[in-house]
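Trainee: Got a minute to look at a model with me? I'd like to go through it bit by bit.
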2 protein chains.
Amino acid sequence: MSDSQKFPVAAHALAYLAHKGAFAPEQAVSSAALAASMPTNPVVVRRVTSMLGKAGLIGARAGANGGAWLLKPAEDITLDNVLRAVNGCAHLGVAPPGAKGCPVGEKIPEAVSAAIVAADKAVAERLGKITVADLLKDC
Amino acid sequence: MSDSQKFPVAAHALAYLAHKGAFAPEQAVSSAALAASMPTNPVVVRRVTSMLGKAGLIGARAGANGGAWLLKPAEDITLDNVLRAVNGCAHLGVAPPGAKGCPVGEKIPEAVSAAIVAADKAVAERLGKITVADLLKDC
DNA sequence: GTAATCGTATCGGTAGCGGTTACATATACG
DNA sequence: CGTATATGTAACCGCTACCGATACGATTAC
């Protein structure tokens, strides 16, 4: 796995949808409009919104006046959900397997893995306290 | 930036040094021995131990019977120090700059950045509660 | 002096990402 | 019905970073 801008793009897109009041198909915002607000490419936005759609966070419709809209109030979308939706995590690496036959060499990787899992969990818990609505507070 | 195995390699190496009782030049462990315990390449290990050395966590000496040793008790080395030493972080991405002229498009990136910083901080705090000694507990 | 070891440079192969173009599908509107 | 608009996805390119390996000078023990 590699670094990615998916999470910030996703968070920005959701906040933008909330700001535009896009809560139904009639108020859908196009990927071109979302992309212009980053700014980035519309396809990059659609790659992310597609994942957010599969996670049940947004709806989308093709065709004229189509685009994406939020399926839940902004206060009900926490950023840990967003992170999971775009396959993100703390990306601290994967513990090496450890040498065979060495009891210590086999135990250490488990402990290192546990530490990485703990870090991932800490991220999820922290982001769970931030909602999309919070991103718009100072506007 | 990209994903990296530096953090798990560093944590494993430090735990292995602690287990081997390497606390002085006389008990130095070679990069070849550390690499064999992962397993990985000695050069990969030296790239990491070099960073740990610059961070003041370990000492190293060239020459016959050379290698690396811990400069502090294992209980005093927390994993957030290790993560910082190898240039790691939560790697959630960088907030896009936002569109010019749009007051909201300019505020959202700040909020997204703040969320990413909060997540990084959560990782550091969680890893700050885990020491190298903890990695050896069940051995 | 010899052997061992570190630190670093360099190269090759791999992988993922962002940006772009392209295209089939779907939808609104006249 | 036909046209314009927009999504979703695939394909391709250039870029970056990583890991592994080889190599080499510098350092150190014996």
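Trainee: Which part of DNA strand C does the backbone of Gly63(B) sit by?
Mentor: Keep in mind this is a predicted model. In it, a backbone N or O atom of Gly63(B) is 3.0 Å from a sugar or linking oxygen of the strand.
Trainee: And what does Thr40(A) pair up with on DNA strand C?
Mentor: A phosphate oxygen, which is 2.4 Å from a polar side-chain atom of Thr40(A). Thr40(A) is also among the residues that come nearest to the strand, along with Gln5(A), Asn41(A), Arg61(A) and Ser31(B).
Trainee: OK, bases now. What does the side chain of Arg47(B) have within reach on DNA strand C?
Mentor: A base oxygen, 3.4 Å from an N or O atom of that side chain. Over the whole strand, though, 66% of the atoms within 4 Å of the protein belong to sugar or phosphate, and the rest to bases.
Trainee: Which element gives the largest share of the surface near DNA strand C?
Mentor: That's α3(B), with six residues. α3 of chain A and β1 of chain B each supply at least two.
Trainee: What's the mix by class there?
Mentor: Eight nonpolar, 15 polar and nine charged residues.
Trainee: Switching topic: what rotation superposes chain A on chain B?
Mentor: One of 180°, with 0.0 Å of shift along the axis and an RMSD of 0.1 Å. The two copies are thus related as by a two-fold rotation axis.
Trainee: Which residue of chain A comes closest to that axis?
Mentor: Ala90(A), with its C-alpha at 2.1 Å. Both copies use the same surface, too: 100% of chain A's contact residues recur in chain B.

Definitions and conventions: Residues numbered from 1 in each chain as written. Chains lettered and ligands numbered in written order. Predicted model: local features only at pLDDT ≥ 70, side-chain atom pairs only at ≥ 80, totals over all residues. Heavy atoms only, no water. Least-squares fit on C-alpha atoms with pLDDT ≥ 70 in both. Contact = heavy atoms within 4.5 Å. Near = heavy atom within 4 Å. Polar contact = N/O pair within 3.5 Å; in protein donor to acceptor, adjacent residues only side chain to side chain. Helix = DSSP H or I, 4+ residues; strand = E, 2+ residues; numbered from the N terminus. Nonpolar A, V, L, I, M, F, W, Y, C, P; charged D, E, K, R; others polar.
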